[in-house]
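Visitor: I have a new model open and would like to learn how to read it. Could you take me through it step by step?

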Amino acid sequence: MDCEKAIHQVYSYLDGELTVWKRMAIARHLDDCPPCLQGFAFEVELRRVIVSKCSEEVPETLRIRIAEVLGFGEIDPFLP
């Protein structure tokens, strides 16, 4: 596998959307290619940061305003 193909499939790899064989091919490439491994590590860290920063609760007043703008009217306060 070359770098271009590995980079093209790295998001599918991270999302677990590839077959076992394709995952093994990318893993082998990452083991042998420090620049691609560095890019992969960056993507993993970026996802970790996004998940950690996007776990905040939306203020109830904002939820109500958005629901009103979208025309949903009353919203169930017990829904996430």
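Visitor: Let me start with a single residue: in which helix does E4 lie?

Guide: E4 lies in helix α1. Helices (H or I, at least four residues) and strands (E, at least two) are DSSP runs, numbered from the N terminus. Before we go on, residues are numbered from 1 along each chain as its sequence is written, and side-chain values use heavy atoms, with hydrogens and water left out. This is a predicted model, where local features need pLDDT of at least 70 and side-chain atom pairs count only at pLDDT 80 or more, while totals for chains, interfaces and linings use all residues.

Visitor: Is E4 buried or exposed?

Guide: Buried means under 20% relative accessible area, exposed over 50%, and partly exposed in between (1.4 Å probe, protein chains only). E4 has a relative accessible area of 66%, so E4 is exposed. The C-alpha atoms of E4 and C36 are 9.4 Å apart, with their places 32 residues apart along the chain.

Visitor: How many helices and strands does the protein chain have?

Guide: There are four helices and zero strands, and the order from the N terminus is α-α-α-α. The radius of gyration of the protein chain is 20 Å, well over the 12 Å that the globule rule gives for 80 residues, so the chain is more spread out than a compact globule. That radius is taken over C-alpha atoms, and the rule is 2.2 Å times the number of residues to the power 0.38. Along the principal axes, the C-alpha atoms fill a box of roughly 55 × 20 × 20 Å.

Visitor: What share of the 80 residues is buried?

Guide: Buried residues make up 19% of the protein chain.

Visitor: Which residues make up the largest nonpolar core?

Guide: In soluble globular proteins, nonpolar side chains tend to be buried together. A nonpolar core is a set of buried Ala, Val, Leu, Ile, Met, Phe, Trp, Tyr and Cys residues joined through side-chain atoms within 4.5 Å. Here the largest one has eight residues: V10, Y13, L18, I26, L30, C33, C36 and F40. Helices α1 (3–14), α2 (20–32) and α3 (34–53) each give two or more residues to this core.

Visitor: What does L18, one of those core residues, touch beyond four places in sequence?

Guide: Contact means heavy atoms within 4.5 Å. Leaving out residues up to four places away, L18 touches Q9, S12, Y13, R23 and I26. Seen from S12, the contacts beyond four places are E17 and L18. S12 has its place in helix α1, and counts as partly exposed at 23% relative accessibility. Between the C-alpha atoms of S12 and R23, eleven residues apart along the chain, the separation is 9.2 Å.

Visitor: And which residues does Y11 touch?

Guide: Y11, also placed in helix α1, touches E43 and R47, not counting residues up to four places away in sequence. With a relative accessible area of 41%, Y11 is partly exposed. Y11 and W21 are ten residues apart in sequence and 16 Å apart in space, C-alpha to C-alpha.

Visitor: Where is E60 placed?

Guide: E60 is in helix α4 (residues 60–69), and is partly exposed at 35% relative accessible area. The C-alpha atoms of E60 and L37, 23 residues apart along the chain, are separated by 42 Å. Try finding this pair in your viewer.
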